[in-house]
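Please look through the sequence and the model below before reading on. The paragraphs that follow take its parts in turn, beginning with a term that the description relies on.

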Amino acid sequence: MPFLGSLLQYAIIMVILAAIALAGFFIRMGNFMNSEIIGAPTSVPWGFHFLRVDDSEWIKAVFSTEQIAQYLKDGIIAKTRTGLHFLRHPAQLYEAICYLISFAVLMHLYWKTKVKERQGYLFGMFLVLIF
């Protein structure tokens, strides 16, 4: 009977780990929708305009008119109806993708390999993937 109890505990821990990885994904997607935890300014093609973040006053205070015109031309700053905005890295999406990959790796290891027989291995892998 002690073996059955430890097996049940291990199964419960695996369900919790999977739920944590998926919850992390959905939390970061919520951060993305709410324009929270924005990334650094960038000029990469996948940079985002976070309209809830108003950079107008800061941009006007720090850069000259010529610099602003050049940054607008280079695509580093975007002008919208709400003001001037930096294109920013979607840091929330990067982290959400990592959580989703972590979930997929853990599920693959659990269902398709024999590592579930090695108690603590998947928990350690979870910690490595998340942190």
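Helices here are DSSP runs of H or I with at least four residues, numbered from the N terminus. By that convention, L127 belongs to helix α5, which spans residues 121-130. The model is a predicted one, and the values given below should be read with that in mind.

A good place to begin is the interior. The largest nonpolar core is made of nine residues, namely Y10, M14, L17, L106, L109, Y110, V115, L122 and F126. At least two residues of this core come from each of α1, α4 (91-112) and α5. A second core, separate from this one, has six residues, among them I59, I68, L84 and F86. Within the largest core, M14 can serve as a point of entry: apart from neighbours within four places in sequence, M14 is in contact with M107, Y110 and L122.

Helix α5 can also be approached from L127 and from the partners of S102. L127 is partly exposed, because its relative accessible area of 33% falls between the limits of under 20% for buried and over 50% for exposed. Between L127 and F86, a residue of the second core, there are 41 residues in sequence and 34 Å in space, taken from C-alpha to C-alpha. S102, located in helix α4, is buried at 2% relative accessibility, and, with residues up to four places away in sequence left out of the count, S102 touches L129 and I130.

Charged side chains come next. Side chains of opposite charge can pair when their charged atoms come close. How many salt bridges does the structure hold? There is one, and in it the side chains of E95 and R28 meet at 3.1 Å, N to O. E95 lies in helix α4 and R28 in helix α1, so the pair ties together parts that are 67 residues apart in sequence. The two partners can be described separately in terms of accessibility: R28 is buried, with a relative accessible area of 18%, whereas E95 is partly exposed at 30%.

Helix α1, which covers residues 2-33, also contributes to the surface. L8, I12, I16 and I20 make a nonpolar surface patch of about 370 Å², and I20, which is found in this helix, is partly exposed with a relative accessible area of 42%.

Further along helix α1 is N31, which is buried, with a relative accessible area of 8%. The side chain of N31 makes a polar contact with the side chain of E36 at 2.7 Å. When neighbours within four places in sequence are set aside, the residues in contact with N31 are E36, I37 and Q92.

One of those contacts, I37, leads into the loop between α1 and β1, where S35 is also placed. Most residues other than glycine have a negative phi. What is the phi of S35 near? It is near 60°, a positive value in a residue other than glycine, and I37 likewise has a positive phi, near 55°. As for accessibility, S35 is buried with a relative accessible area of 16%, while I37 is partly exposed at 47%.

How values were computed:
Residues are numbered from 1 along each chain as its sequence is written. This is a predicted model: local features need pLDDT of at least 70, side-chain atom pairs count only at pLDDT 80 or more; totals for chains, interfaces and linings use all residues. Side-chain values use heavy atoms; hydrogens and water are left out. Patches are made of residues with over 30% relative accessible area and no salt bridge: like charges are joined within 9 Å, nonpolar side chains (Val, Leu, Ile, Met, Phe, Trp, Tyr) within 5 Å. Accessible areas come from the Shrake-Rupley method with a 1.4 Å probe; for residues, only the protein chains shown count as cover. A salt bridge is a side-chain nitrogen of Lys or Arg within 4 Å of a carboxyl oxygen of Asp or Glu. Buried means under 20% relative accessible area, exposed over 50%, partly exposed in between (1.4 Å probe, protein chains only). A polar contact is a pair of N or O atoms within 3.5 Å; within protein, one must be able to donate a hydrogen and the other to accept it, and residues adjacent in sequence count only if both atoms are side-chain atoms. Contact means heavy atoms within 4.5 Å. A nonpolar core is a set of buried Ala, Val, Leu, Ile, Met, Phe, Trp, Tyr and Cys residues joined through side-chain atoms within 4.5 Å.
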